[in-house]
Protein chains: 2
Amino acid sequence: MNLRDLRYILAIAEHGQFSRAAEACGISQPTLSVQVRKLEEALGVTLFERGAKSVVPTDACDRLLGHVRGAVAEADAILAVARDLRDPLAGRFRLGIIPTLAPYLLPLIFAPLRESLPALEIEPWEDQTLALLERLRTHQLDAALLATEVDGPDLVSEALFEEPFLAALPPDHRLAGRELVDEAELAQDILVLADGHCLRDQALAACGQAGLLGSTLRSASLSTLLNMVAAGYGTTLIPGLAAGAAQDAGLVLRPLSARAGRCIRIVWRAGFPRRAAVEAVGQVIAARLRPFAEGAAAGAV
Amino acid sequence: MNLRDLRYILAIAEHGQFSRAAEACGISQPTLSVQVRKLEEALGVTLFERGAKSVVPTDACDRLLGHVRGAVAEADAILAVARDLRDPLAGRFRLGIIPTLAPYLLPLIFAPLRESLPALEIEPWEDQTLALLERLRTHQLDAALLATEVDGPDLVSEALFEEPFLAALPPDHRLAGRELVDEAELAQDILVLADGHCLRDQALAACGQAGLLGSTLRSASLSTLLNMVAAGYGTTLIPGLAAGAAQDAGLVLRPLSARAGRCIRIVWRAGFPRRAAVEAVGQVIAARLRPFAEGAAAGAV
DNA sequence: CAAGCGCCATAGATGGCATCTATGACGACA
DNA sequence: TGTCGTCATAGATGCCATCTATGGCGCTTG
């Protein structure tokens, strides 16, 4: 049995005639006759009583017609839904973002994404790198914005923009007067986030882990960290996009002498079929961040 | 798109693996790969994300799976219902019967039909010959029991049994003493049914229409006619199976000298596909009536 | 009443396509 | 590092849906 055959049945039932039904189906009349007969033999049921001037559905056919219509309707629904799903730049797009990036990046890119990709329903998901990778691998995310390299056999990534780190100091800190802050000096009283935040590791790496004198804040957000610094408990190193929030908290920001920073990348499964959506999202983000990159470069000169 | 393809989709979604799905479908793995790819291309939608160790349905596939399941379920329903409908000796069987036969034949054949053809739901429909033929031709009946020949290009019939006519007389009628009644004599004060009843024409033909002296009863049943005769308004000619009813009404019955009678036939459309059901019903009726035919033959000797 | 018309069935030819086996590529695991 | 399991690709093959041509049959019409 075949969906095509079922459509033939419906056509005959509708037209009450093989010739017209065949025409409606775009096939020749003999083909229709043969196919219907084969279907009747396959089902073991005579579907139509062929009369001199009429073709009338049998009782059995009437009993079946409901299901036939149902099957054809579902098939048409599949085609219709598939047509709607055909656009890779449409539909749900689950985007993971690390916590040290999300609060500062999302407000920047939400509007541009809506404008450039109106059919794409971005669903942000904020979590730490490892959790995001796990969700990505288990198909619970479509892509993720990370600050680490993760390319491997199953995951692919693309760099979107460079985000320089900044030294964040209390206004009365001894380093607050410097134009540039040396990473090693910062290490003396630096506060860092808890394990699991990639920013913690990167900050420590930038400052030379060995000289760690500051303390680790468990289960705290970058925002909390800023407030701790503002309260005079130490210094820290923040990603560039958090500069606004840091200034709002009353901190003094200074570039780092070694120009440490991180690279924000968009990551997705190697086999993810909606690569077009990933690329599009990545491009929108990169385009939105370009002014910042140029500003940073200009400031550095 | 094809129902087969849809079953493939479901198998892959269920097994999460091409190889096992192919095995479950009874095809080779390359065939499944090729077919799924073709379906994906036809739909314009990637259905599965092929990973190193896993095959995961895409979001689009999830959206479609409901309809896919629906279509396959309807298709299975078609097969299941067709299986039930396969027996031609099962299901509704609309049987037309003429009014001068139905009240006397139906009580005889109902039980044997139920016994011999338990799955056949006989729906009797009582009306005059022309109305029955009309309903038969318009597929509102599956077969009819008539007392006339109707074979033609579109209708076929088969004789079931011979039903002799009997003279029905009031007990005090001048012919009531005879062993045999001559049809011509009966004509002198015969009462007949209204136009449309085949029995009317056959009675008149048997008695010689020219000598009609009796009157016609409009819109009356054979039962009414019997009561009229019992009340002394004349004589009549009844079909053999009505003998019991006539005797109950107090009438005297006598064989006719020319042995006039009628042949009860079962009629159906030449193209009617459940010919087996027609034959079976006919045989049950003929078998049930055989004792009567033999009794009549024996009485005639 | 015979011819023409409309309809469905049949026959034979043809091409597309589903399927197979064999093989390749690739990642996982021991 | 080699072996295993998995999916993809390639080429061969055979079935079958489809076509055109034709026949049969009943109805209509001049």
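**Entry 1: how the two chains meet**

I began with the interface between the two copies in this predicted model, and found that 100% of the interface residues of chain A are also interface residues in chain B, so the copies meet through the same surface. I then looked up how one copy is placed relative to the other, and noted that a turn of 180° with a shift of 0.0 Å along the axis lays chain A on chain B with an RMSD of 0.1 Å. The two copies are therefore related as by a two-fold rotation axis. To locate that axis in chain A, I looked for the C-alpha nearest to it, which is that of Ala71(A), at 2.2 Å.

**Entry 2: the surface near DNA strand D**

Next I turned to the DNA and asked myself which residues are the closest to DNA strand D. I found 19 residues surrounding the strand, with Ser28(A), Lys38(A), Phe18(B), Ser19(B) and Ser33(B) as the closest. Sorting the residues of this surface by kind, I recorded 7 nonpolar, 8 polar and 4 charged. On the side of the DNA, 71% of the atoms of strand D within 4 Å of the protein belong to sugar or phosphate, while the rest belong to bases.

I then went through individual approaches to phosphate oxygens of DNA strand D. A polar backbone atom of Ser28(A) is 2.6 Å from one such oxygen, a polar side-chain atom of Ser33(B) lies 2.7 Å from a phosphate oxygen, and for Arg50(B) I noted an N or O atom of the side chain at 2.8 Å from a phosphate oxygen. The elements giving two or more residues to the surface near the strand are, in chain A, helix H1 (3-15) and helix H3 (29-43), and, in chain B, helix H2 (18-25) and helix H3 (29-43).

**Entry 3: an annotated span of chain A**

I checked the UniProt record, an unreviewed entry, which places the feature "domain: HTH lysR-type" at residues 1-58 of chain A. In the model, this span is 62% helix and 10% strand, and its end C-alpha atoms lie 19 Å apart.

**Entry 4: His173(A)**

Last, I looked up a single residue, His173(A), which I found in the loop between strand E6 (155-169) and helix H7 (183-186) of chain A. Is His173(A) buried or exposed? Its relative accessibility is 13%, so I count His173(A) as buried. Leaving aside residues up to four places away in sequence, I noted that His173(A) touches Asp189(A) and Thr235(A). With Asp189(A), the side chain of His173(A) makes a polar contact, side chain to side chain, at 2.8 Å.

How values were computed
Residues are numbered from 1 along each chain as its sequence is written. Chains are lettered from A and ligands numbered from 1 in the order in which they are written. This is a predicted model: local features need pLDDT of at least 70, side-chain atom pairs count only at pLDDT 80 or more; totals for chains, interfaces and linings use all residues. Side-chain values use heavy atoms; hydrogens and water are left out. A residue is near a molecule or strand if one of its heavy atoms lies within 4 Å of it. A polar contact is a pair of N or O atoms within 3.5 Å; within protein, one must be able to donate a hydrogen and the other to accept it, and residues adjacent in sequence count only if both atoms are side-chain atoms. Helices (H or I, at least four residues) and strands (E, at least two) are DSSP runs, numbered from the N terminus. Ala, Val, Leu, Ile, Met, Phe, Trp, Tyr, Cys and Pro count as nonpolar, Asp, Glu, Lys and Arg as charged, and the others, Gly among them, as polar. Copies are superposed by least squares on the C-alpha atoms of residues with pLDDT of at least 70 in both. Contact means heavy atoms within 4.5 Å. UniProt positions are given in the numbering used here, feature names are shortened, and annotations may be inferred rather than shown by experiment. Buried means under 20% relative accessible area, exposed over 50%, partly exposed in between (1.4 Å probe, protein chains only).
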